[in-house]
Amino acid sequence: MRTQIFGDIRVDTIPEYDWAVDGEWLLAGASNEVIGEHAHWLGPSLVDPETLHLKGSSHAYLIRTRHHTILFDTCCGNDKERPYYLPWHRLRTSFLENLAHAGVLPEQVDYVMCSHLHADHIGWNTLLKDGKWVPTFPNARYLMSKGEFEYWRDVIESGEVGPSRKLPFDDSILPVVQHGLATFVEDDHAVENEFPDEVRYFPLHGHTPHHCGLYLRSKSQDAIFSGDAIHHPIQFAEPDWVNGNDHIMGRQVIRDLIGRLIDTPTKLLTAHFPAPAVGRVVSDAGHVRFRFDRD
Ligand SMILES: [Zn+2]
């Protein structure tokens with residue numbers, strides 16, 4: 001677990017589980033040969049030296065402002081039926097214990113925000129209770145991008161996508177809506193907008209049609225939470241390697257993030273980089289690199 005302070009806002013990383021996957025599977029355009037060429041500077045914490053698999057993490061961010069407790073991205077969840085991807089199938093982790101360790105019980109979460117509605121970002125929206133999926137955070141408003149919700153609802157109803165999209169929508173989104181806890185918002189919706197604090201959705205469309213990160217600022221310290229706009233630090237060296245619906249938009253989003261962040265103090269809080277998952281985009285001898293925060 002990692003704690004960071006941005007002015008009056010505290011951010012804790014809540015871990016779920018660590019993974020390593022074939023880069024050619026994760027990123028369109030990637031090649032293991034080129035991954036092998038980058039492995040020396042990425043190091044064994046980011047690329048497995050034997051298999052060349054890319055290492056990653058699933059974690060959420062707990063954001064505490066002066067007024068609210070916010071959870072951004074809710075990982076895979078426990079007990080979910082995901083037969084199409086076995087690492088997530090009936091997963092059991094100590095995510096809620098990790099949240100408690102950061103000092104927050106589910107009843108204390110005021111807002112749940114998800115970058116997009118894929119299974120590994122909405123899982124803890126619900127938990128299994130007496131055989132039913134119920135909202136994990138009973139006192140929270142779940143702020144969902146209206147466009148993202150409508151997109152998935154429509155392609156699931158029309159049959160354009162299969163069980164890998166329908167199962168998570170049915171067990172992690174619809175119960176929240178049925179319990180009256182969902183609020184549909186625009187892609188730049190702010191939950192804090194009272195000087196000097198700002199926390200808002202930040203459109204990073206491409207991975208999904210309405211994928212959003214977060215923008216956070218307090219007392220002139222700021223951060224961007226990238227969600228699935230970028231999956232692994234190797235993409236700063238290979239920004240044409242992307243994962244998602246729209247590769248052209250996905251590549252542009254990575255280039256825009258580099259242009260905005262490079263050699264600035266703004267932190268990037270990623271959804272899938274291995275711990276500590278947080279750092280800055282820097283130039284290094286003509287290359288774009290990600291410099292992890294190290295305590
Ligand atoms: Zn993801």
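Two strands count as paired if DSSP finds at least two bridges between them. The legends below describe a predicted model.

**View 1. Strands β2 and β3 pair in the antiparallel sense.**
Strand β2 covers residues 9–21 and strand β3 covers residues 54–64. The pair is joined over 11 bridges. Within this pairing, Val 11 stands opposite Ile 63 of β3.

**View 2. An open sheet of 7 strands contains β2 and β3.**
The strand order is β1-β2-β3-β4-β5-β8-β9, and the pairing is mixed. At the edges are β1 (2–6) and β9 (182–185), each of which pairs on one side only. From one strand to the next, the twist averages 25°.

**View 3. Helix α5 packs on the sheet that holds β8 and β9.**
Helix α5 spans residues 146–157. The helix touches β8 (141–145) and also β9. The direction of α5 makes about 75° with that of β8.

**View 4. Another open sheet of 7 strands runs from β10 to β16.**
Its order is β10-β11-β12-β13-β14-β15-β16, again with mixed pairing. Strands β10 (190–194) and β16 (287–292) each have a single partner strand, so one side of each is left without a neighbour in the sheet. Neighbouring strands are turned by 30° against each other on average, direction ignored.

**View 5. Strands β12 and β13 form an antiparallel pair.**
Strand β12 comprises residues 212–218, and strand β13 comprises residues 221–227. There are 5 bridges between them. Ser 218 has Gln 221 of β13 as its bridge partner.

**View 6. Strands β15 and β16 form a hairpin.**
The two strands run antiparallel and are joined by 6 bridges, with β15 covering residues 278–284. One bridge links Arg 280 to Arg 291 in β16. Between the strands lie 2 residues. Ala 285, in the turn, has a positive phi of about 50°.

**View 7. The whole protein chain gives the setting for the close-ups, with 8 helices and 16 strands.**
Along its principal axes the C-alpha trace spans about 55 × 45 × 35 Å. The radius of gyration is 18 Å, which agrees with the value near 19 Å for a compact globule of 295 residues. Buried residues make up 43% of the chain. Of the contacts between residues at least 6 apart in sequence, 64% join residues at least 24 apart.

Note on methods. Residues are numbered from 1 along each chain as its sequence is written. This is a predicted model: local features need pLDDT of at least 70, side-chain atom pairs count only at pLDDT 80 or more; totals for chains, interfaces and linings use all residues. Helices (H or I, at least four residues) and strands (E, at least two) are DSSP runs, numbered from the N terminus. Axes are lines fitted to C-alpha atoms, for helices over the stretch in contact, and angles run from 0 to 180 degrees between N-to-C directions. The radius of gyration is taken over C-alpha atoms; the globule rule is 2.2 Å times the number of residues to the power 0.38. A residue is buried if 20 or more other C-beta atoms lie within 10 Å of its own, exposed if 12 or fewer, and partly exposed in between; C-beta atoms are placed from the backbone. Two residues are in contact if their C-beta atoms, placed from the backbone, lie within 7 Å.
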